[in-house]
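Me: I would like a close look at a single part of this protein, followed by how other parts of the chain are put together. Please keep it to what can be read from the model.

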Amino acid sequence: MRFLPRYILPALLTLGLLGGCKVTEPVPPRVSAALPPAFGPLAPTDSASIADKPWREFFNDRQLVGLIDTALHNNLDVQIAVRRVEQARAALTAARGALLPTVNGVASAGVDKWGDYTLNGVGNFDTNLSPNIERRQRIPTPYTPDFFLGLRSSWEVDLWGKLRHRRRAAITRVLASEQGRYLVTTAVVAQVATLYYELLALDNELDVLRRNTDYQARALEIVRVQKRAGRATELAVQQFTAQWLRTRGLEQQALQRVVERENQLNQLLGRYPRSIARGAPIREQALPDTVAAGLPARALLRRPDVRQAELELAAAHADVSAARAAFLPSLTITPYLGLNAYSGALLFRPESIALGVLGGLTAPVLNRSLIKADYQRATAADQEAFFAYQKALQTGFREVHTNLRGLAHYRRAYALKQQEAAALTQAVEAAGDLYRANRADYLEVITAQRNVLDAELEAAQLRREQFSLLIDLYRALGGGWEAAPVNL
């Protein structure tokens with residue numbers, strides 16, 4: 001019975017350590033509203049989606065396909081995203097290495113002066129065994145040299161899964177970084193295609209402006225002839241001249257916008273400014289009559305940003321588990337093997353071989369502020385990742401819904417604008433005939449010319465907007481990237 005406390009005290013101490021390290025699981029945040037079953041009442045309810053097409057098949061223009069291919073190889077944002085993946089892989093290598101023992105080569109030399117009443121200093125004896133020296137030889141000086149040459153190891157045994165959770169978080173973040181690279185890829189594909197169709201739309205605007213400039217120049221020449229014949233005034237000549245100059249000014253502005261778009265596109269391609277080759281005019285570029293978006297539950301999960309947010313959420317969960325495990329005792333084993341002696345001359349003798357192993361449990365008891373702060377940070381980051389995932393879903397749904405409705409509205413708006421431009425073109429011809437017959441004044445002719453110019457420019461902008469909405473819908477549905485195998 002007198003030996004009972006010898007076994008009870010360590011057990012009680014261990015239970016006290018474990019009890020003091022217990023941490024309750026954090027309360028998960030409130031779940032947002034459920035995802036709607038479809039992208040609106042008029043959206044198709046089948047699972048097909050335009051995002052299932054690779055971008056090489058989605059875009060039919062050869063010039064555009066070549067530009068996108070160049071951008072994906074040379075774009076600096078893509079290169080930055082690739083380096084972020086490499087950083088995540090390096091973090092994974094470190095997390096995997098934490099599960100394995102570390103072995104260090106050690107060459108050390110030191111000297112100690114022990115007190116007269118310490119255990120190590122009593123007698124100040126050397127314990128090396130040698131056939132040429134006594135079994136216990138007293139060191140003649142009050143200072144004890146110590147030489148060691150060998151290997152020392154340290155290994156933290158992952159009792160509670162702390163290191164495994166960190167490894168799981170690192171693996172998940174590698175996958176998340178891959179999705180981040182895909183996200184950059186979809187953005188680059190969409191930006192290149194949008195700028196390309198903006199260039200085609202600007203070419204169309206320039207055609208409209210140049211055609212109207214020629215038409216207005218002819219009308220101005222007619223008014224000048226009529227003035228010389230006494231059938232028109234100088235005011236009419238100046239009004240027609242101002243109209244012609246306005247159209248020429250709009251042409252110069254359009255030319256500058258062409259330069260800006262070409263420079264932006266060249267930067268996406270990773271090169272310095274140069275002329276961009278174009279394919280067919282935008283009027284001849286085909287637009288699909290119907291667009292399939294698929295079901296939200298499937299379509300949104302194809303988006304790289306949603307996938308990245310989901311993986312970051314899983315990594316944050318693993319971080320919380322690792323932070324909780326940090327409150328529990330950790331077992332560390334530190335063996336060593338080498339040559340140890342009090343004299344360099346005796347170090348390389350067989351009798352100087354030394355080995356040992358030390359194992360111990362350590363647990364935080366007092367002043368656990370650092371561990372608590374890390375746990376609170378991990379919990380807050382986990383909730384932040386949850387809300388970021390919900391936001392990614394909401395953002396994706398909003399973008400798809402907006403672009404789907406926009407395609408339908410702009411399709412009808414473009415058709416109506418074309419009819420308006422055709423009617424105004426006939427009005428210009430009628431106003432010219434009436435003016436030459438002295439049945440209409442010059443202001444009616446100028447107004448008709450300006451109206452038809454504005455209508456044709458607006459039609460060109462509506463055509464460009466249709467392509468922009470289609471491209472943005474393709475991106476919003478997760479199109480524009482191709483999955484590659486990930487080696488972990």
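In which helix is the place of Thr-425, and which residues does Thr-425 touch, not counting residues up to four places away in sequence?

Reply: Thr-425 is in helix 9, in a model that is predicted. Its relative accessible area of 31% makes Thr-425 partly exposed, since buried means under 20% and exposed over 50%. Leaving aside residues up to four places away in sequence, Thr-425 touches Val-452 and Glu-456. The C-alpha atom of Thr-425 is also separated by 8.8 Å from that of Asn-451, a residue 26 positions away along the chain.

Ala-421 belongs to helix 9 as well. With 10% relative accessibility, Ala-421 counts as buried, whereas Thr-425 is partly exposed. The contacts of Ala-421, again without residues up to four places away in sequence, are Val-452, Ala-455 and Glu-456. Val-452 and Glu-456 are touched by Thr-425 too. From C-alpha to C-alpha, Ala-421 and Leu-453 are 8.2 Å apart in space, with their positions 32 residues apart in sequence.

Helix 9 runs over residues 369-436, and Tyr-375 in that helix brings in an aromatic pair. The ring centres of Phe-327 and Tyr-375 are 6.0 Å apart and the planes stand at 85°, so this is an edge-to-face pair. Phe-327 sits in the loop between helix 8 (304-325) and strand 5 (330-341), while Tyr-375 is in helix 9, so the pair ties together parts 48 residues apart in sequence. Both rings belong to buried residues: Phe-327 has a relative accessible area of 3%, and Tyr-375 has 12% relative accessibility.

Other rings can be taken next. A search of the whole structure gives 11 aromatic pairs. One of them joins Tyr-196 and Tyr-197 edge-to-face, with 5.6 Å from centre to centre and 80° between the planes. Tyr-196 is buried at 0% relative accessibility, and Tyr-197 is buried with a relative accessible area of 5%. Ring pairs also link Phe-58, Phe-59 and Tyr-474 into a cluster. Arg-152 adds a charge over aromatic rings. Its charged end sits over the ring of Tyr-336, 5.2 Å from the centre, and Arg-152 also lies over the face of Phe-148, at 4.3 Å from the ring centre.

Tyr-197 leads on to Gln-285, since Tyr-197 is among the residues that Gln-285 touches. Gln-285 is in the loop between helix 6 (234-268) and helix 7 (296-299). Although Gln-285 lies in a loop, its relative accessible area of 11% makes Gln-285 buried. A polar atom of the Gln-285 side chain lies 3.1 Å from the backbone oxygen of Ala-280. Besides Tyr-197 and Ala-280, Gln-285 touches Asp-61, Leu-200, Arg-463 and Phe-467, residues up to four places away in sequence being left out.

Helix 4 gives another view of burial, this time along a whole helix. Helix 4 covers residues 76-97, 22 residues in all, and reaches 32 Å from its first C-alpha to its last, close to the 32 Å expected at 1.5 Å a residue. The buried residues of helix 4 are Val-78, Ala-81, Val-85, Ala-88, Leu-92 and Ala-95. Viewed down the axis of helix 4, these residues fall within an arc of 85°, so they line one face of the helix. The general rule is that an α-helix has 3.6 residues a turn, so residues three or four places apart point the same way. Helix 3 (62-74) and helix 5 (162-228) are included in what covers the buried residues of helix 4. Leu-76, Gln-87, Thr-93 and Ala-94 are exposed on the other side of helix 4. At the start of helix 4, a side-chain oxygen of Asn-75 comes to within 2.9 Å of the backbone nitrogen of Asp-77.

For the protein as a whole, the secondary structure comes to 10 helices and six strands. Of its 488 residues, 40% count as buried. Among contacts with a separation of 6 or more, 84% are between residues 24 or more positions apart. Thr-425 and Asn-451 are 26 residues apart along the chain, and Ala-421 and Leu-453 are 32 residues apart in sequence.

Terms used:
Residues are numbered from 1 along each chain as its sequence is written. This is a predicted model: local features need pLDDT of at least 70, side-chain atom pairs count only at pLDDT 80 or more; totals for chains, interfaces and linings use all residues. Side-chain values use heavy atoms; hydrogens and water are left out. Helices (H or I, at least four residues) and strands (E, at least two) are DSSP runs, numbered from the N terminus. The expected span of a helix is 1.5 Å times one less than its number of residues. Buried means under 20% relative accessible area, exposed over 50%, partly exposed in between (1.4 Å probe, protein chains only). The arc is that of the directions from the helix axis to the C-beta atoms. Contact means heavy atoms within 4.5 Å. A polar contact is a pair of N or O atoms within 3.5 Å; within protein, one must be able to donate a hydrogen and the other to accept it, and residues adjacent in sequence count only if both atoms are side-chain atoms. Rings of Phe, Tyr and Trp (its six-membered ring) pair if their centres lie within 6.5 Å; planes under 30 degrees apart count as stacked, over 60 as edge-to-face and the rest as tilted. A charge sits over a ring if NZ of Lys or CZ of Arg is within 6 Å of the ring centre and within 35 degrees of the ring normal.
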